[in-house]
Amino acid sequence: MTSMTMKMTRDEPAVPHTSNTNRYENGTKSNLCSAPFLPLSTGDPTGFKPFWRSVGDQCKVTFDSCDYMSYLTDVGNVCWFLEKDLEDAIRQLHLTVGNAVTEDRYIVVGTGSTQLFHAALYALTSPGGPEPVNVVSAVPYYSAYAEGANFLRSGLYKWGGDAYTFDKEGPYIELVTMPNNPDGQVRDPVVNRYEGKLIHDLAYYWPQYTPITSQADYDLMLFTFSKSMGHAGSRIGWAVVKDREVAIKMTKYIELNSIGVSRESQHRAAVILGAVSDSSQSIGDNFFRYGKGMMAERWTKLKEVISHSKVFSLPKYIEEYCRFSCEDTEPHPAFAWLKTNDAAADIEDLEIFLKGYKIMTRGGSLFGSNPKHVRVSMLGDEETFNLFLERLSSIQDTIIDNENCI
């Protein structure tokens, strides 16, 4: 198989800076004229690339031109397009990490967890009723939930907003992201009514991001190859489903949507997941140890910058015992939920403010929160992350210099 590399793009258009932030502006911004935009608005996990480069041919995958030509994989399986080696690798990985129960559960594979999210909404609401089912999630919720629930204008379901304020009667679906995207906090359901159904999005419930405190055992759990291993381009996700009829309906949705999932991508994912399971059981270096070390180092550096800031602050996290690493550890979320302090009251929109420094983030309004928050990816390449820290520091230096001139 021809080797392929991912290239970070830095051609985001410049966005005019319009907020009332004159006291933060001096030569610092003018020095950025030829500097690149820092793409921190998405969770592109290229920060894990050095590890996968280091393993060399250990996870190399090759195909003959006659391989995987059929749509079909196992017509006797509920998810008939799921490769057996991927199913085995998924079950073994969860057993090794201890983050989810898969025994007596159905595995449904999808083209990323986004497709599985839509398949789950379809499965939990079909054949439908007199009114669309409300889909809710607690603020701050993942920004794609609202748009995704309304995108097709389905008669089966619709976006119902913040779970904290949801008070409508009747059936509903609550999306529980754990740990949460964007703020990294551990979540429980909020609405808790008998007519509700739950989807647990566990994309970040892996040892590099958060302590593994127990085996998740919920009716419908979503995982993704993108955030677990860093291989976003393969477009593989999986659902662990308790109810057979729900798994059948999810499979039917994917059948109609894309007639299955790339068999080549599934095989590649199976090889990588299997290698990670094997290495995680040894004393030597392994992917989760590398990932946790990288994330911990980045969070230490970011907290150091923020500790000197009068402008920005971060959420607080507590140590918990991780059953995988057998030690007390803090969470190291995939995203930093950055906010402005009261001392920076004139920054009305933090996303726009940071764009003025060529830092591209995702604004709090998209997460149901206020524009004084932004989500910043911690998953990009090392150069981009270090430039981000430099620019945050330069903003703080600008404020100190301005205050000294008053």
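Buried means under 20% relative accessible area, exposed means over 50%, and partly exposed is whatever falls in between (1.4 Å probe, protein chains only). Keep that handy for this tour of a predicted model, where local features need pLDDT of at least 70, side-chain atom pairs count only at pLDDT 80 or more, and totals for chains, interfaces and linings use all residues. Residues are numbered from 1 along each chain as its sequence is written, and side-chain values use heavy atoms, with hydrogens and water left out.

**Stop 1: a pair in helix α3**

Select D88, which is partly exposed at a relative accessible area of 39%. Now add K84, also partly exposed, at 48%. Their side chains meet in a salt bridge, 2.7 Å from N to O. (A salt bridge is a side-chain nitrogen of Lys or Arg within 4 Å of a carboxyl oxygen of Asp or Glu.) K84 and D88 sit 4 residues apart in helix α3 (residues 84-97), so about one helical turn separates them. Helices (H or I, at least four residues) and strands (E, at least two) are DSSP runs, numbered from the N terminus. Search the whole structure and you get 12 salt bridges.

**Stop 2: a network around E382**

Next, click on E382, which is partly exposed at 36% relative accessibility. Which residues are linked with E382 in a network of salt bridges? They are E297, R298 and K301. Show R298 first: its closest N and O atoms with E382 are 3.0 Å apart. This pair links distant parts of the chain, with E382 in helix α11 (residues 382-405) and R298 in helix α9 (residues 287-307), 84 residues apart. R298 is buried, with a relative accessible area of just 2%.

Then show K301, whose salt bridge with E382 spans 3.9 Å, N to O. K301 lies in α9 and E382 in α11, so this pair ties together parts that are 81 residues apart in sequence. K301 counts as partly exposed, at 29% relative accessibility.

**Stop 3: strand β12 and its partners**

Select residues 335-340, which make up strand β12. Is this strand mostly covered or mostly open? Mostly covered: 5 of its 6 residues are buried. Two strands pair if DSSP finds at least two bridges between them. Strand β9 (residues 312-313) pairs with β12 in the antiparallel sense over 2 bridges; look for F312 opposite T340. Strand β15 (residues 373-377) also runs antiparallel to β12, joined by 5 bridges. Here, find L338 standing opposite V374.

**Stop 4: the second largest pocket**

Now for some empty space. A pocket is found on a 1 Å grid over the protein atoms alone: it is an open set of points where a 1.4 Å probe fits, with protein on both sides within 12 Å along at least five of seven lines, and lining residues have an atom within 4 Å of a point. The second largest one has a volume of about 580 Å³ (the space filled by probe spheres set on the points, which are joined across faces, edges and corners).

Select S113, T114, Y142, K227 and R235: of the 29 lining residues, these lie nearest the centre. Which helix gives the largest share of the lining? That's α4, with 5 residues.

Finish on S113, which lies in helix α4 and is buried at 18% relative accessibility. Leaving aside neighbours within four places in sequence, S113 is in contact (heavy atoms within 4.5 Å) with L222, F223, T224 and G237.
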